[in-house]
Structures are given as structure tokens and as C-alpha cells.
Amino acid sequence: MRNVDEPAGVSFIFVYGPSGIGKTTMRLRVEQKLLEQALPELETDRCQILVVGIEAIGTESNQFNWKDYFSHSLIA
């Protein structure tokens with residue numbers, strides 16, 4: 001949370017690692033905490049986009065599907 005609250009000029013935070021170590025759980029908890037912190041401001045200005053979370057889905061073919069990724073990104 002310190003890196004999110006005090007970003008020091010960073011625009012993106014990438015989290016990567018093997019399956020099952022809690023990356024998604026951590027992302028969801030950080031998103032929840034950010035929403036809780038921003039709730040008073042969001043009640044007066046509902047046009048803000050506070051956070052966007054995207055998971056890159058792996059494939060069995062070892063080829064990343066950029067079209068699928070960008071489609072999911074736009075929806076998010």
C-alpha cells in the first residue's frame with residue numbers, strides 16, 4: 001500500500017509470479033482498500049476511474065493473444 005499511496009513518479013505497478021501465491025488476492029485487496037479510502041470523494045464525483053485491474057490470461061500455445069488482451073483492457 002505504501003507504493004500505491006506514495007508512488008514516487010510511478011504510473012504502473014506490475015505484479016508477476018507463479019500461480020497460486022496470492023497475486024490476484026493482493027490486487028483485489030488493494031482495490032478494495034483504495035475504494036474505501038476514496039468513497040467520500042467518489043460520492044460527490046462519480047465520474048472518476050479510481051483503479052483498473054487486468055489479468056493477462058495465459059494460453060496453452062505459449063503465444064500471447066494481444067487482441068484478446070486489448071479487448072479485455074477496453075472493457076475493464
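Glu-31 touches Val-51 and Gly-53 in this predicted model, once residues up to four places away in sequence are set aside. The residue that makes these contacts lies in helix H2, which covers residues 23-44, and Val-51 and Gly-53, the two residues touched by Glu-31, therefore carry numbers beyond the end of that helix, given that helix H2 is the run of residues 23-44. Glu-31 is buried, because its relative accessible area is 16% and the cut-off for that class is under 20%.

The side chain of Glu-31 also has a charged partner, since it meets the side chain of Arg-27 in a salt bridge with a distance of 2.7 Å from N to O. Why are Glu-31 and Arg-27 separated by about one helical turn? The two residues are four residues apart in helix H2, and so about one helical turn lies between them. The partners are classed separately by accessibility: Glu-31 counts as buried at 16% relative accessibility, whereas Arg-27 is partly exposed, with a relative accessible area of 24%. By the rule applied here, the count for the structure comes to one salt bridge, and the pairing of Glu-31 with Arg-27 is a salt bridge by that rule.

From this charged pair the reader can turn to the aromatic residues. The structure holds three aromatic pairs, and one of them is formed by Trp-66 and Tyr-69, whose rings are 5.8 Å apart from centre to centre, with 85° between the planes, an arrangement that is edge-to-face. That label applies because planes over 60 degrees apart count as edge-to-face. Trp-66 and Tyr-69 are three residues apart in helix H3, which covers residues 66-75, and so they are separated by about one helical turn. Ring pairs extend the picture to Phe-70, linking Trp-66, Tyr-69 and Phe-70 into a cluster.

Within this cluster, Tyr-69 can be followed further. Tyr-69 lies in helix H3 and is partly exposed, with a relative accessible area of 25%. Leaving out residues up to four places away in sequence, Tyr-69 touches Ile-54 and Phe-64. For a reference point elsewhere along the chain, one may take Val-15, which is 54 residues away from Tyr-69 in sequence, and the C-alpha atoms of these two residues are separated by 16 Å.

How values were computed. Residues numbered from 1 in each chain as written. Predicted model: local features only at pLDDT ≥ 70, side-chain atom pairs only at ≥ 80, totals over all residues. Heavy atoms only, no water. Phe/Tyr/Trp six-rings, centres within 6.5 Å; stacked < 30°, edge-to-face > 60°. Buried < 20%, exposed > 50% of the residue type's maximum accessible area, 1.4 Å probe, protein only. Contact = heavy atoms within 4.5 Å. Salt bridge = Lys/Arg side-chain N within 4 Å of Asp/Glu carboxyl O.
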